[in-house]
Structures are given as C-alpha cells and as structure tokens.
Amino acid sequence: MPPTYLPYTESVETIRPNEEQVFDELAATMRHISETIGDRARHTARPVHAKSHGLLRGELTINTGLPEALSQGLFSKPASYAVIMRFSTNPGDMLPDSISTPRGLATKVLGIEGVPMLSGHESETTQDFVFVNAKAFQAPDAAGFLKQLQQLEDHVTDSQTLKQVVSTTARLAETVLESVGQESSQLKGFGHPETHILGETFYSVAPLRYGNYIAKICFSPASANLKDLTDKHLKIGDNYSALRDAIVALFKTDTAEWDVKVQLCTDLAKTPVEDASVEWPEEESPYVTVGKIVVKPQNAYSPERQVFVDELLSFNPFHGLAAHRPLGNVMRARQKAYAMSSQFRHRMNSRVGVEPKSIDELPS
C-alpha cells in the first residue's frame, strides 16, 4: 500500500512556553562567537559554516508529471530556475581542512515570480534551502542545540593544534565504532571522515511545509562523477583548502548533477515535526525525486564570486515561499538567529546585504 501523507495544518507545530527565551540565548551565543572570532581576525564571518569551499552557478529543473502530493509549492509545475550553491564546513572560524568537520550546502533558487512569500520576504523572488550532510539534526530542539553551541563558544579561542587533535581523535574513534556496526553523531560532529565533499548527500534535517503537506528535502549525487566520489577518501595533508581545490578541479571540465528529493511526513509519531533529531524512516516514507540540479563547467571559486557570496549574500530557510515555511522548534529558532547573524556580519564589515533578482548578479 502507498503511504498516506499527513496534511499540513497549523496544529502540527507545538509552541513551547519558554522557547523565545531559548531563541534569544541562541542568537546571543551565535553573536558572541562571531564577535570573538571577528575581533581576532579583524573581519566578521558567519558564526557557523564560515568557510566556503565551492560557489557554483547551476540550474534547477522541476520534473513533469509529479503526483498531487509531490506537486506542491515551488515544485507545483514544470519549470527551470537558476540557483547559487555554497558548499561549506561547520565551524565559525577558518580552519585548515585537515580539521575535518561536518559539511553544509546552502542553495538559493532565483527568479520565482507570482507566488506568496514568507513574512519579511514579500518583495523577493528567492527560495533558500540550508542543508547539511546528515539525515537528522544533532539535537532534538533549540535548547539542546544551545547547549552544544555553548560548548563550542567555550572553546572558540582554542588553538588550531588542539582542534586538530580533537578532530583526528574523533575521526579515529568513529572509525572504530563503524567497524563494529555502530556510529556516534557526537563524534561525527567533531571529526568528519576525510572524504570528497561533492560525494555527499545533503539534507534539510528539519521539516518544512510542502504546500498541503510536510516534508524533508535532500540533494543527492545523480551523475556518475559525483556518485564515484561518495565516501571516497580525499588526500588533504597540509593543504589548507583541499576541499575548495577539489571542487575547483572537478568543475574545470565536468558537468555534475544532483537529484532533488522529497520525503513526506506520514504521522507525527514516526515522522515528527518538533523533534529534529529523529530520522524519518524511509521504509515509512521514501525519498522521491521531484527535480534535478545541473551545474556546468565553471570557475567554482573566483575572488569576485567569493566576495559576492560570502560577504553580501545570506542563506536563511525563512527566505522563501509561504508554501515552504520552515516547521518545528529548531527551524523557528533559526529565524531569529539567522537574521541576527546576517545583520551583525554586514554591519561589522560595512557591507550592504544583497538578495539577488537575477543570476547575472553572480560574478562569472
């Protein structure tokens, strides 16, 4: 029998009595991380995912003939849109790639006309997707994430040597666990395997509204050249920017493709909205392809593009369609924290933020 999908209603979210206080503390912690690192570097970066590795121009194509449950929001009709993709790693400071940490992919879809946008985004024509290479979030809610972020805050001024030791030790410990069929999300958070970033599948981890339904979304390698890189060891050595160099090398000559996939919520017990740490079971609701992103050969990291994307742009899950409103406690926390982070970063660097109307604004 095909799955029965849970319709979206406002009742799928449960607002907690103290969550605004937690959101304020989370935003303050992120700001303090930016302040601390910015004071040392004399330049303010994002408090998380500060270091970019690839800055790509691509095209998203929505599949034709999608069934009603999948034909929602941005994906409601066949269309093509330009996209900007930013690959990154998790820390808020610029560390050598030998300190291997979880990866992220932020994507901005451009040129979406004639549809209702989220509050504060009404005059824009973009939809942001902010993903990491994990199927579920590292904490169930914003309070749990705050505790983890405060631990990072306590160690933000640790030396790179100490962070290298922690990363290497965590990678080795995780390898031992995986050899006996186990894993640790905490260890993976400190030491990601030294694999090629373009072989990763990236997930929204927390849910969002999917028109009349609720979904998680992922981008997974579709072309053979990306699939060949999945779990492939990348020799990093003492190359400070090995991930960037690997992305640049591939896109000098290659075209790459990602499948855009959607996993729909079936019920609030097995596929919860408020607990972001729960991996939705794919036997309950499998990921289904709804579109494709194609990236053609290009200079994946020019100085001009790096300034435009890293300095001027912001990626925020609340930049988007009303039909894709982020859902759950973790997503609600992001609204305040991401807005604060962007405003603070632009003010401290004397920059004016940009929300592009056309892909032609991205330096080629």
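Which residues do ring pairs link into a cluster? In this predicted model, the cluster consists of F87, F202 and W258, joined by ring pairs.

Some context on the aromatic pairs. A search of the whole structure gives nine of them. I will go through two.

The first one I take from the cluster. F87 and W258 pair with their centres 6.1 Å apart and an angle of 35° between the planes. That geometry is classed as tilted. In sequence the partners are distant: F87 belongs to strand β2, residues 80-89, and W258 to strand β8, residues 256-264. The separation is 171 residues. Both F87 and W258 are buried.

The second pair is F129 with F219. Here the centres are 6.2 Å apart, the planes make 75°, and the arrangement is edge-to-face. F129 sits in strand β4, residues 127-132, and F219 in strand β7, residues 213-221, so this pair ties together parts of the chain 90 residues apart in sequence.

Are F129 and F219 buried or exposed? F129 has a relative accessibility of 4%, and the cut-off for buried is under 20%, so F129 counts as buried. F219 has a relative accessible area of 2%, and therefore F219 is buried as well.

Last, charges over rings. K51 lies over the face of Y240, 4.0 Å from the ring centre. For F315, the residue in question is K108: its charged end sits over the ring, at 5.0 Å from the centre.

To recap the strands: the tilted pair links β2 with β8, and the edge-to-face pair links β4 with β7.

Terms used: Residues are numbered from 1 along each chain as its sequence is written. This is a predicted model: local features need pLDDT of at least 70, side-chain atom pairs count only at pLDDT 80 or more; totals for chains, interfaces and linings use all residues. Side-chain values use heavy atoms; hydrogens and water are left out. Rings of Phe, Tyr and Trp (its six-membered ring) pair if their centres lie within 6.5 Å; planes under 30 degrees apart count as stacked, over 60 as edge-to-face and the rest as tilted. Helices (H or I, at least four residues) and strands (E, at least two) are DSSP runs, numbered from the N terminus. Buried means under 20% relative accessible area, exposed over 50%, partly exposed in between (1.4 Å probe, protein chains only). A charge sits over a ring if NZ of Lys or CZ of Arg is within 6 Å of the ring centre and within 35 degrees of the ring normal.
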